[in-house]
Amino acid sequence: MSMQRSFNNGNAPSIESSRIAHSIGTALDRFIKNNQDQFAYASGELSQLLRDIALASKVVNREVNKAGLIDLMGAVGSQNLAGDDQQKLDVLANIRFTRALAKGGEVCALISEESDTYVDLNNEGKYVIAIDPLDGSSNIDVNVSIGTIFSIYRRKSPAGTPIQPSDILQKGSDQVAAGYVLYGSSTMLVYTTGHGVNGFTYEPTLGEYFLSHPQLKMPEDGKIYSINEGLANSFSAPVQAYIQYCKDRQYTARYIGSLVADFHRNMLKGGIYIYPATAKSPNGKLRLMYECNALAFVAEQAGGSATNGKDRILDIEVKELHQRTAFYVGSKNMVEKAESLG
Ligand code: FBP
């Protein structure tokens, strides 16, 4: 009798399809390894960089979950360059991601919403990262979903030489990877390396992300619109016309006030998120480098679209670190419709 027994032979229940042991899916680490050859310059550094981001997000997730118990609620009393009151969790998340990326050694420069200038991490690093460590600050203390947004670029200047402005001020179309972490009812990491979009759900008892949403596709059409109508009086006529267009068709208004959460819902169900230029923010409120470019890359990779109401977000020239832009992102036909009223 042969000693060896193949995985699925004979009448024995197949281990793979056993309903007794529910398959938990592909672990993030394994997925990154299996897909590494898709990366340009596939030398393991980008893989490690993605792992560093995943690790830091697990630490931030743990602290976000128990923020009310460890005095992490509220503001620290200082403001960032944009004049936003920095929340304790904003600062904590910024420290956690900066530390993880500095330790990894793959990143030469880090651009963050919480830092006025870029942080020079290590001249030998081949990557530049732009990050919003904790997006949705107004929702941090009220236990509503928040997120982390990240964009990854390859430096332009040779490694080992001083960082140049051309390394930092790169257009969204130069991203080699981008994504977000959503700290919601479950915690998810969603990213693209230019080969489609994949979503991973965090399993806290195993401390690992598992593939739960492979090859995400954004419906070309939807019935959800996300915009802060409280600011409607300062919206342009075309934006007001598009809101009316949605209302006339009884689309559903959904606005969480956390960009990552609104974007994620609309990507799964079909919808549009708009933060237009307003009287208070004539260039829009959201920041191009660490809020919009990443979600624009993810949206396009999932079959959606992202513009400033006229131009493709990924083609917008970056002139300064904390540059703002109007943002229309979501289902392709809805963004086109909103633009057509412009
Ligand atoms: P933060 O990164 O400072 O949180 O700002 C971005 C953001 O909070 C988005 O997440 C959200 O969609 C938007 O601003 C909400 O702005 P408003 O309160 O003006 O509607």
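Look first at asparagine 228: an N or O atom in its side chain lies 2.8 Å from an oxygen atom of the ligand, a polar contact (a pair of N or O atoms within 3.5 Å). This is a predicted model, where local features need pLDDT of at least 70 and side-chain atom pairs count only at pLDDT 80 or more, while totals for chains, interfaces and linings use all residues. Residues are numbered from 1 along each chain as its sequence is written, and side-chain values use heavy atoms, leaving out hydrogens and water.

Now find two more side chains. An N or O atom of glutamate 291 is 2.9 Å from a ligand oxygen, and one of aspartate 132 is 3.0 Å from a ligand oxygen. Alone, the ligand exposes 470 Å², of which the protein buries 88% (areas by the Shrake-Rupley method with a 1.4 Å probe).

What surrounds the ligand? There are 17 residues around it, and Asn228, Tyr255, Leu259, Tyr273 and Tyr275 come nearest (near means a heavy atom within 4 Å). Both domain 1 (26-216) and domain 2 (224-340) give residues to this shell, so the ligand lies between them; the domain bounds come from an automatic or database assignment.

Technical notes
A polar contact is a pair of N or O atoms within 3.5 Å; within protein, one must be able to donate a hydrogen and the other to accept it, and residues adjacent in sequence count only if both atoms are side-chain atoms.
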